[in-house]
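Dear colleague,

Please find below the structure that I am handing over to you. A short account of what was found in it follows.

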Amino acid sequence: MAKQKNVYFFGEGQAEGDAQMRDILGGKGANLAEMTNLKIPVPPGFTISTEVCAEYYKNEEQYPRGLETEVIKNLKRLEKVMGKKLGDPKNPLLVSVRSGAPVSMPGMMDTILNLGMNDDAVQGLAEKTGNPRFAWDAYRRFIQMYGDVVMEVKHDRFEEAIKRIKEEKNVESDTALDAEDLERLVRDYKEIVRSNTGKDFPQNPLEQLWGAINAVFGSWMNPRAIKYRQINGIKNIKGTAVNVQSMVFGNFGDDSGTGVCFSRDPSTGENLFYGEYLMNAQGEDVVAGIRTPEKISALEQENKPIYDELLKVRAKLEKHFKDMQDMEFTVQQGKLFLLQTRNGKRSGHAAVKIALDMVAEKLIDKNTAICRVGPEHIDQILHPRIDPNALKDAEVLAKGLNASPGAAAGRIVFTAQEAEQWHSGGEKVLLVRQETSPEDIGGMKVSQGILTATGGMTSHAAVVARGMGTPCIAGAKGVSIRGKEVDIGGATFREGDWITIDGSTGLVYRGGLPLIEPDISNDDTVQTFLKWCDEIRASSVRGTLKGFEVRTNADLPEDAQRAFEFGADGVGLCRTEHMFFDPNKLLHFRKMIVADSEEARKAALREILPLQQQDFFGIFKAMDGRPVTVRLLDPPLHEFVPKTDQEIDELARHLGTSYDALKPKIDRLHESNPMLGHRGCRLAVTYPEIYDMQVEAIARAAADCVRQNIPVIPEIMIPIVCDEKELALIRPRSEEILKQVFDEYGVDLNVKIGTMIEVPRAALRADKIAEYADFFSFGTNDLTQMTFAFSRDDIGSFIPAYLEKQVLADDPFKSIDEGGVGILISCAVEKGRGASKDLKIGICGEHGGDPATIDFCFRSGLTYVSCSPFRVPIARLAAAQAVIRNSVTAKRKAPAKAAKAPARGRKPAAEKAEKPARGRKPAAEKKTAKAPAKKTAAEKKPAAKTAKPKAEKKPVKASAEKKTAKAPAKKPATEKKPATARKPRTPKK
């Protein structure tokens, strides 16, 4: 077995690595190697691989055998190339030691410069260069950096020392200190190290080198690096590499300097050379703000030959890497060196502009451009953000979960009622609550933002806020509410005080900070980019499935209108319960809930029907002929009843009864575990008149649209089904109401009736349920809750520990749990399509806006995803990226093992010759996977006989669509023509 290579050399125009080896060399090392191969002037050096980092932590911080020998070998090679030797008192080699993970983590890990300096080398360097000031400056910088990073001496101790000398000399800049000042500073620095560590500053260069290497590998697991990886979702990488590189000196004199530049403007995306530099300085001077740097354009006047050479390097690197580059350079005595290049971080607008421009410049194709823009870039474009200038002096008070992106500033209020009152008076308010409830919807709607002390990413506050596009921070630690006061991070605020929240970062700030409002409707660049994404989605083919839609969750006409403007393909979830909290409907609905008879309930519902019909009409009209899936009532009735004694007394007076008579009725509605209680289709079984009213409202709204020549595609979704018999009971009644209304209006309209798969049992019986459903939509919030037995509202109390200790890789309410919930979804897709191969299947839980989940949905053969309106543009991008990513994966795999593709479990479900989601099924099930489908077909005749009474209750179906006994139970007569209408006739009186 070949010995593992741990160290890779680069220099003199050749490198042992290249840009494709970033997993082994890290991003910095891979690009240094690539630039060396491109003959760009790079100081030579060597890279210790990320695999060493992995071994280091795997073996209790012990390096792999033979590493020291490899390092010494490459060090000697470097000394030979440079003609210098580490620690040589007459001609010393100095090196930098830097980190470099496969994924850029700027500023998170440690760096050491000028390593190799000691009491002898400083004298030799001074004599060799004839520049004593430079030599002593390099030495003091090394002691400060090494002392801080390796020996753990506080950085402030060194800063205090240099500040004292500058005050004594009455100078402001470090460059104003002469050689004698810097020599004295070195003595002071060494004394600081001795007094703080009890050790002398190390003089042996090899001891220095291994101390620095240890520090860089150690910094991989420092708190800030760990936190950065958590925040940015960086996983499954081995660790950091260590780059040991010969030093070049920007602090050699006025003919030397250093800078950071970008091949394009990272803020705007303009194709302009952008950056900053300092003469007579080292790199940390630029980034640390010790001195005010000059704009890179000024270098043209100060040193035109170097500026022109930089322009050539800029063009060469961007053309080679085909992306905007972030470069670090140093000029030593008039000679240019590149110390780093990487794909530059950029703003959301810049990301989109650069992607489009590079397609126009024929650097990249459209697919590459689409994959070049991250979902976070679109998210940044869509939401208000705090003015960056204001952030410089802003005071951070607390941090919570970044539940709904965007920034908001407002005056604190503590109740929804107060929010509405203050809003009506023209005030901008920010609702601060322990947690919100459905009854807070009015106050939430008028608030600039929402801050809760408890709750998780899919708590009520989070879900509703995202749906409304309202910035929200949930579960903020350090927030404690006491009446009309709240403590935030130890500071006390009262009603009316100003605070600002950033729902994108989870940070709470003191005072009302200025915000920058976005507008993409007139942004041609963004609109063009998103249209490219739509073209990719529409052109995707997975077996018989064509296209991959993005719908929205919209409960009110204004939500639907906003989603339409954001490019939604339809409404995947309209939650009718949110309509009932409208004050005009709530009173009547409460009357219905506490009614003593069916007739009294129907009377109350008749009052609501025209109001709900109006809502549905508005949503249908806003979506302009795109499908609208309306979910019938889902929550338990107790959520709608009065909570306070005052509210109960008011309802009692309205009903003409007493508080004492009404209170027991309300108390009886209480459930110990309402999530698993009397809700959804269970209400329709016990109180069918509720669903009757909603179906009638949908039908009348749709018929009104047809009469007004407004295109409409209504769909009805029955929630929380766990058995096909529930649909067999509810569906015929709904179909009869549809028929009656459409006959009355004289229209012939297709209304599909489907179900929400949110119970594990429903996923397991999907083939049976598909006999009575025209479509499935996965309600992944509840499906996740019921699969994990986690409450989405309470998960915040323990999920951080689960993630920190890697019990779970992700919050299962943020990204779909492919290993559990995902298997249930795949099972339901396979069983459902086995019973009805053209079954439309979507997802409408909060996961529908998560890019990782969208990728899973595409692979699993879903027809569409549905998300909140403000997530629609992000989902359009993520869906297009899923199409591209999985199409490329499929092409790469097909030639090698085409015959085995289904068994690999990676190919999108619908591409598997009518075997949806088979690839995600556990291995033990694969042997029998085909059998159930065949048995189902064979068993249809007996099933039809035993279920004949059910089938006879259903309207006549388009039996020609299926030759099996399932057909009569599948397609209603109203589905003969999709979304069409016959000529209206005079309605029946």
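Is C574 buried or exposed? C574 has a relative accessible area of 0%, and therefore counts as buried. Please bear in mind throughout that this is a predicted model.

The cysteines may be taken together. A disulfide is a covalent bond between the sulfur atoms of two cysteines. The structure holds 0 disulfides. C681 accordingly takes part in none, and the nearest cysteine sulfur, which belongs to C722, lies 6.4 Å away. A disulfide would require the two sulfur atoms to be within 2.5 Å. C681 is also buried, because its relative accessibility is 0%, and buried means under 20%.

I turn next to the charged residues at the surface. D254, D255, E294 and E302 form a negative surface patch. Within this patch, D255 is located in the loop that runs between strand β8 (241-246) and strand β9 (257-262). D255 counts as partly exposed, because its relative accessibility is 37%, a value to be read against the range between 20% and 50% for that class.

K199 likewise sits in a loop, here the one between helices α7 (179-197) and α8 (205-219). With a relative accessible area of 55%, K199 is exposed, since the class begins over 50%. As for its surroundings, K199 and M151 are separated by 48 residues in sequence, while their C-alpha atoms are 9.3 Å apart in space.

Yours sincerely

Methods: Residues are numbered from 1 along each chain as its sequence is written. This is a predicted model: local features need pLDDT of at least 70, side-chain atom pairs count only at pLDDT 80 or more; totals for chains, interfaces and linings use all residues. Side-chain values use heavy atoms; hydrogens and water are left out. Patches are made of residues with over 30% relative accessible area and no salt bridge: like charges are joined within 9 Å, nonpolar side chains (Val, Leu, Ile, Met, Phe, Trp, Tyr) within 5 Å. Accessible areas come from the Shrake-Rupley method with a 1.4 Å probe; for residues, only the protein chains shown count as cover. A salt bridge is a side-chain nitrogen of Lys or Arg within 4 Å of a carboxyl oxygen of Asp or Glu. Lys and Arg count as positive and Asp and Glu as negative; His and the chain ends are not counted. The place of a charge is taken as NZ of Lys, CZ of Arg, CG of Asp or CD of Glu. Helices (H or I, at least four residues) and strands (E, at least two) are DSSP runs, numbered from the N terminus. Buried means under 20% relative accessible area, exposed over 50%, partly exposed in between (1.4 Å probe, protein chains only).
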